[in-house]
Structure formats: C-alpha cells, structure tokens
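Me: Please take a close look at a single part of this model, the lining of one pocket. I would like one connected account that sets it against the chain as a whole and that states how confident the prediction is.

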Amino acid sequence: MAAKANNSRQDVTSWDGKLSSSDLHSRLKTRKVLGVGETDDGDVHRSKLSQILGHSDQLYVRLPWGLRVWQFILALSFTVVSLWALILPSHIFDVTFESDEGKYVTLPVRLYGTALLALSLFHWHTVSSSDRDIIRVALLSSAIYFFLQTLVTFISLTSVEDGLKANVTWLLGFRMTSSLMSAFYYHAVGRKTVAVRPKVSGVPEPTPE
C-alpha cells in the first residue's frame, strides 16, 4: 500500500510538472499571437514581474569578443593625441606631416586637441558602459571620424608635388584600419544574435532570425 501511494504521488508530481510546463508554454504562445506584453525587439515577457520591470540590456547582452580592448585603445589614442596637440602643437604637426611649418598653425592644432580631448572623455565613459546604444554611438562616431580624416588628408596631399611621405602613409593606414574596426564592432553590437535571454524550464530557446 505504501509503495502504491508513493508511486501515485510521483505520478501526480510528474503530471503537475508537465501541466505547469505546458501551461507556461501555452501562455507564452498565446501572448505572442495576441501581441500582449510584447517587447520592442519582438520578445514576450515570461512573467507579470518581467512585464512590469521590463528587460535590461545589462543582463541580456553578450558583447562581442575584443570589444572592451578596442574601446580602451580608442580612448587611449584619443587622449594621447589630444594632450600631444594641446601641449606640443607644432611638434605633432611637424612629426605627422614631416614639415617645418608647425609653428604657423599652433592655434588650429590646439583647437583640434581640445575637440579630441572631449571625444576621449566620451570614449572613456563607454569603456565601462553596458548600454548597447551608447556603445554603438561611440563606435559610429569613431568610425566616421577616422574615415573623414583619412579622406580629407588623402585628398589634400595628393596635389602636393612631393607626394605622400612615410609618416603620412602610416597615419592614413592607421586611421583607415581604425575606421574599419569601429564599423565592424558597430555592426556586431547591433546584431540581435548577441542577445542572451534567461532560460525557462519547458520553453524552447528562441532561434535567431
């Protein structure tokens, strides 16, 4: 009799577990079809609590590999160049363009350094940020910055009789590489496949579109 009672309790427990799992799955499918409680990215809230509190990107976003290192490199490079331009404006001009005319452009170079310093502060903030939108804005700004710098410098120096010098060539290569890297991470962070959602018992994981 005791064995039969234990077996019946196990059957009831397993049956209740199946019912609760299927009920949860059915509720999610129903809410998906009706569009009730659906999030901005097409997901469905799995409980009343998550519907009230909402989703947090800090909990569900897995950032691409190497992104933090690249963010640190961007912030450091902007900081170094900005301080160099502010403290030694003529020196950075002469070294970059291999000329002796840096003393005539001291004020424009220092203004350039102040703009870079403000941009570097923004990038230092994004190094520790988990907000996907802020990270993408920072990456987009750096990609556009390096691309436009490369384009303007190349167009300006192609008309020079001496042609492109060694330092300018290395500088153009660095800027173009930085632009491509920032554009790559901008695209990678924006992909939906980086979203990591909590697992729920009895509910299959959503497949990326």
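Reply: Of the 209 residues in the chain, 29% are buried. The model is a predicted one, and its chain holds 8 helices and 0 strands. Read from the N terminus, the elements follow the order α-α-α-α-α-α-α-α. Among contacts between residues at least 6 apart in sequence, 65% join residues that are at least 24 apart.

Confidence comes before the details. The mean pLDDT of the chain is 74, and 59% of the residues reach at least 70. Helix 4 has the highest confidence, with a mean of 94, whereas helix 3 (residues 57–60) has the lowest, with a mean of 48. Residues 193–203 remain under 50 throughout, and the model gives this stretch 29 contacts beyond four places in sequence. The pLDDT is also below 50 over residues 205–209, where the model has 5 contacts beyond near neighbours in sequence.

The part in question is the second largest pocket, with a volume of about 590 Å³. Its lining comprises 23 residues, and those closest to the centre of the pocket are I92, T96, Y112, L171 and R175. Two or more lining residues come from each of helix 4 (67–87), helix 5 (89–97), helix 6 (106–127), helix 7 and helix 8 (166–190). By class, the lining holds 17 nonpolar, 5 polar and 1 charged residues. R175 belongs to the lining, and Arg counts as charged; the 1 charged residue of the lining is therefore R175.

Several residues in the helices that contribute to the lining show how these helices meet. Helix 4 offers three of them.

W70 is located in helix 4. W70 counts as buried because its relative accessible area is 10%, under the 20% limit for that class. Beyond four places in sequence, the contacts of W70 are L139, S178, M181, S182 and Y185. L139 falls within helix 7 (residues 132–158), while S178, M181, S182 and Y185 fall within helix 8. Between the C-alpha atoms of W70 and M181 there are 8.2 Å, although 111 residues separate the two in sequence.

S82, also a residue of helix 4, is buried as well, with a relative accessibility of 0%. Its contacts, apart from neighbours within four places in sequence, are G113, L116 and L117. These three positions lie in the range 106–127 of helix 6.

F72 is the third residue of helix 4 considered here. With a relative accessibility of 41%, F72 is partly exposed. F72 touches W124 and V127, residues up to four places away in sequence being left aside. The C-alpha atoms of F72 and V127 are 6.3 Å apart, and the sequence separation of the pair is 55 residues. W124 and V127 are again positions within helix 6.

T106 takes its place in helix 6. Because its relative accessible area is 25%, T106 is classed as partly exposed. From the C-alpha atom of T106 to that of A85 the distance is 8.8 Å, and 21 residues separate them along the chain. A85 falls within the range 67–87 of helix 4.

Helix 7 leads back to R175 and the centre of the pocket. T150 belongs to helix 7 and is buried, at 11% relative accessibility. A polar atom in the side chain of T150 lies 2.7 Å from the backbone oxygen of F146. Not counting residues up to four places away in sequence, T150 touches L172, R175 and M176. One of these contacts, R175, is also among the residues closest to the centre of the second largest pocket.

L148 is another residue of helix 7, which spans residues 132–158. In contrast to T150, which is buried, L148 is partly exposed, with 44% relative accessibility. The C-alpha atom of L148 is 9.3 Å from that of R175, and the two residues are 27 apart along the chain.

Taken together, W70 of helix 4 has contacts that include M181 and L139, S82 contacts include G113, and T150 of helix 7 touches R175, the residue of the lining that lies among those closest to the pocket centre.

How values were computed. Residues numbered from 1 in each chain as written. Predicted model: local features only at pLDDT ≥ 70, side-chain atom pairs only at ≥ 80, totals over all residues. Heavy atoms only, no water. Helix = DSSP H or I, 4+ residues; strand = E, 2+ residues; numbered from the N terminus. Buried < 20%, exposed > 50% of the residue type's maximum accessible area, 1.4 Å probe, protein only. 1 Å grid on protein atoms, 1.4 Å probe; cavity = no way out; pocket = protein on both sides within 12 Å on 5 of 7 lines; lining within 4 Å. Points joined across faces, edges and corners; volume = space filled by probe spheres on them. pLDDT = per-residue confidence, 0-100. Contact = heavy atoms within 4.5 Å. Polar contact = N/O pair within 3.5 Å; in protein donor to acceptor, adjacent residues only side chain to side chain.
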